[in-house]
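Reader: Hey, got a minute to walk me through this one? I'd like to get the fold and the ligand site straight before I set anything up.

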Amino acid sequence: MIITYNQYSFFNFYKMNITQQGRIKSIIAELYHDAKNDYLRMMKGVAKSIFRPMQPADFKDAYLAISQEQGEGLVKLVTAKKSKNIVEFGTSFGISTLFLAQGAIETGGSIITTELIASKAQKAIENFKKAGVNDLIELRTGDAMQTLKNYNKPIDLLLLDGWKDLYLPLFQMLEPNYHANTIIYVDNADMAESRTFLNVVNQNSKYQLDYKYHGKVVLIMVK
Ligand SMILES: C[S@@+](CC[C@H](N)C(=O)[O-])C[C@H]1O[C@@H](n2cnc3c(N)ncnc32)[C@H](O)[C@@H]1O
């Protein structure tokens, strides 16, 4: 059988893609393995905040990651919607960002993600490098309200997974960048502050809410 140059390039691209996806999956598996102790880390954070409001720094060692099922669902969502411009609020150590990267490889997209705690951001960058996807991801360290302030490109997918009191102001700040095909993925939608946020969004006829994972996640669609 004679293989044409085009077929050869396609096979090479396909092989590279499979290898790349495998590398990301293995880093995700390592991170989930380490995240098994998250319960203890979270308890430490909760203990610190007994006499004052909780702060992100109390959870500097905790992953607080989305579930594997959610991650795999995110990959499908990115590929099905052909999302290219992806923005994430709340990187932590980068588990969800790596799932987004799996999708972005398929769509030719890229990700801007943002994390308040510098030590977490540093660790996330190391994880992106290990997974070989650092060139697809721009991590902005600092408060999302500042790091995404001048964001002015269309957003195809926005993942909200940071502190819940910022969901509404951040959603409103980024609103000029939404278009008819934009999806806003709201994690921890069942928490009290998220519900208040979703009630506000629901009053606007421009948006449609779709509940997933027994209400843990809401997808906001722009009509
Ligand atoms: C639930 S965790 C994110 C988990 C991550 N999406 C995953 O699934 O792997 C929330 C993260 O948001 C970060 N965060 C909280 N407030 C923030 C802010 N104002 N700007 C940026 N990041 C913030 C926290 O430090 C924490 O690491």
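Author: Sure. One cut-off up front: a residue is buried if 20 or more other C-beta atoms lie within 10 Å of its own, exposed if 12 or fewer, and partly exposed in between. Also keep in mind that this is a predicted model.

Reader: Okay, let's try that out. Is Y213 buried, exposed or partly exposed, and why?

Author: Y213 counts as partly exposed because it has 15 C-beta neighbours inside 10 Å. You'll find Y213 in the loop between β6 and β7.

Reader: What's the phi of Y213 like?

Author: It's positive, about 50 degrees, although Y213 is not a glycine. For context, most residues other than glycine have a negative phi.

Reader: Which residue in the loop between β1 and α4 should I look at too?

Author: S92, which sits in that loop. The phi of S92 is near 55 degrees, again a positive value in a residue other than glycine.

Reader: And is S92 buried or exposed?

Author: S92 is buried, because 27 other C-beta atoms lie within 10 Å. S92 is also among the closest residues to the ligand.

Reader: Good, let's do the ligand then. How many residues surround it, and which are the closest?

Author: There are 20 residues around the ligand, and the closest are A65, G90, S92, I95 and S96.

Reader: What's the mix by class?

Author: The shell has eleven nonpolar residues, five polar ones and four charged ones.

Reader: Which elements supply at least two residues of that shell?

Author: Helix α4, residues 95-107, and strand β2, residues 110-115, each do.

Reader: Now the sheet. What's the strand order?

Author: The order is β3-β2-β1-β4-β5-β7-β6, in an open sheet of seven strands with mixed pairing. The edges are β3 (137-141) and β6 (207-212), each pairing on one side only. On average, neighbouring strands are turned by 15 degrees against each other, ignoring direction.

Reader: How does β1 pair with β2?

Author: β1 and β2 run parallel and are joined by five bridges. Within that pairing, I86 stands opposite I111 in β2. Together with α4, these two strands make a right-handed β-α-β unit.

Reader: And β1 with β4?

Author: That pairing is parallel as well, with four bridges between residues 85-89 of β1 and 157-160 of β4. V87 stands opposite L158, and the bridge partner of F89 is L160.

Reader: How many residues of β1 are buried?

Author: Five of its five, so to speak, with the strand mostly covered. N85, V87 and F89 point one way, while I86 and E88 point the other way.

Reader: What about β4, which residues are on each side?

Author: L157 and L159 are on one side, L158 and L160 on the other, and all are buried, with both faces covered. β4 also runs parallel to β5, over four bridges. There, the bridge partner of L160 is V186. The chain gets from β4 to β5 through helix α7 (residues 167-174), in a right-handed β-α-β crossover.

Reader: Which strands does α4 lie across?

Author: α4 lies across β1, β2, β3 and β4, and runs at about 170 degrees to β2. Helix α8, residues 192-202, lies across β5 (183-186), β6 and β7 (217-222). The angle between α8 and β6 is about 140 degrees.

Reader: Switching topic: where's V46, and is it buried or exposed?

Author: V46 is in helix α2, residues 38-48. V46 counts as exposed because it has 12 C-beta neighbours inside 10 Å.

Reader: How far apart are V46 and V201?

Author: They are 155 residues apart in sequence and 30 Å apart in space, C-alpha to C-alpha.

Notes:
Residues are numbered from 1 along each chain as its sequence is written. This is a predicted model: local features need pLDDT of at least 70, side-chain atom pairs count only at pLDDT 80 or more; totals for chains, interfaces and linings use all residues. A residue is near a molecule or strand if its C-beta atom, placed from the backbone, lies within 6 Å of it. Ala, Val, Leu, Ile, Met, Phe, Trp, Tyr, Cys and Pro count as nonpolar, Asp, Glu, Lys and Arg as charged, and the others, Gly among them, as polar. Two strands pair if DSSP finds at least two bridges between them. Axes are lines fitted to C-alpha atoms, for helices over the stretch in contact, and angles run from 0 to 180 degrees between N-to-C directions. Two residues are in contact if their C-beta atoms, placed from the backbone, lie within 7 Å. A crossover is right-handed if, with the strands pointing away from the viewer, the path from the first strand over the helix to the second runs clockwise.
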